[in-house]
Amino acid sequence: MKIIFLGAPGCGKGTQARKLSEKYSIKTLSTGDLLRSEIKNNSKIGIEAQKYIEQGNLVPDQVINNIVANNILNLDRFILDGYPRTIDQAESLNNVLLDHNQKIDSVIYFIANNDILIKRICGRFSCKNCNAIYNKYFKKTKKDNICDQCGSSDFEVRKDDNEETLKQRLKIFNDQNDKLINYYQKNNLIYSIDALKNEGFIFENLVNYLDKLN
Ligand code: AMP
């Protein structure tokens, strides 16, 4: 199972990736998470990536392509969350997999309109300990200030989850998305999901689909 999740920031793909990872014991590679951990470690890549991320721009293709190539080589099953975001990245991924006689099995496309995304992103916070994602409008913790998953009360808001940066992130997504969809549609790989449906419904839909794909 080698799967790509495509969708705008805030469409819920990170949450679903996490749930599917658990159900199928499959690794999720989130390029955003990988970059954020590089920033936390103050690495060379992290220092370079930070300026792009804080302005809502894409980190250069070559940097991200190398990170992904290094991380997927030993995985025979994975979900890619947030990659590829450009045609250059899609081609790099294709080539890395082809070199190992492998290919993508499916591209899941989460469809949502921009208005709802702004509310989802600007209300988003996550548990610092286990990364569970919440939202102050749509998905609060069950007990005030306590993570449902791990009980921690240490939460954080991403620096790039603000209205101004989000506008730029959505602009870039809208510029690139049709090209990516066309790229994968040529090989009949796209499975579309209505990202406005509730979390449980989307999860069941994905499980039904992936069980047939296996
Ligand atoms: P995300 O967590 O997927 O929303 O990503 C947060 C930020 O990390 C993005 O706004 C980009 O600046 C950067 N980033 C993540 N994935 C990529 C990628 N595939 N290509 C370029 N930049 C990326």
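Let's start with a working rule: a salt bridge here is a side-chain nitrogen of Lys or Arg within 4 Å of a carboxyl oxygen of Asp or Glu. Keep that in mind as we walk through this predicted model, since the rule finds four salt bridges across the interface of domain 1 and domain 2.

So who are the two partners? The domain assignment splits the chain into domain 1, made of 2–112 plus 163–213, and domain 2, which covers 124–160. Domain 1 is therefore written as two segments, with the residues of domain 2 falling between them in the numbering. Going by C-alpha atoms, the centres of the two domains sit 22 Å apart.

Now zoom in on where they meet. Twelve residues of domain 1 touch nine residues of domain 2, and the area buried between the domains comes to about 870 Å². Carbon and sulfur atoms give 36% of that area. On the domain 1 side, three arginines stand out: Arg18, Arg36 and Arg169 supply 45% of what domain 1 buries against domain 2, more than any other three residues.

Back to the charges, then. Side chains of opposite charge can pair when their charged atoms come close. One salt bridge to look at is that of Lys139 with Glu199, where the closest N and O atoms are 3.3 Å apart. Lys139 falls in the range of domain 2 and Glu199 in that of domain 1. Between the two domains you'll also count four residue pairs in polar contact. The face that domain 1 turns to domain 2 draws two or more residues from each of helix H1 (13–24), helix H2 (31–40), helix H3 (44–54) and helix H7 (163–185). Sort the residues of that face by type and you get two nonpolar, four polar and six charged.

Helix H2 has a salt bridge of its own. Asp33 and Arg36 both lie in this helix, three residues apart, or about one turn, and their side chains meet with an N to O distance of 2.8 Å. Arg36 is also one of the three arginines named above for the buried area. In total, the count by this rule comes to 14 salt bridges.

Finally, the ligand. It is surrounded by 16 residues, and the closest are Thr31, Asn57, Gly82, Arg85 and Gln89. A polar backbone atom of Asn57 is 2.6 Å from a ligand oxygen, while a polar side-chain atom of Arg85 lies 2.8 Å from a ligand nitrogen. Domain 2 has a hand in this as well: Arg158, which falls in its range, places a side-chain N or O atom 3.0 Å from an oxygen atom of the ligand.

Methods
Residues are numbered from 1 along each chain as its sequence is written. This is a predicted model: local features need pLDDT of at least 70, side-chain atom pairs count only at pLDDT 80 or more; totals for chains, interfaces and linings use all residues. Side-chain values use heavy atoms; hydrogens and water are left out. Contact means heavy atoms within 4.5 Å. Buried area is the accessible area (1.4 Å probe) that two parts lose on being put together, summed over both. A polar contact is a pair of N or O atoms within 3.5 Å; within protein, one must be able to donate a hydrogen and the other to accept it, and residues adjacent in sequence count only if both atoms are side-chain atoms. Helices (H or I, at least four residues) and strands (E, at least two) are DSSP runs, numbered from the N terminus. Ala, Val, Leu, Ile, Met, Phe, Trp, Tyr, Cys and Pro count as nonpolar, Asp, Glu, Lys and Arg as charged, and the others, Gly among them, as polar. A residue is near a molecule or strand if one of its heavy atoms lies within 4 Å of it.
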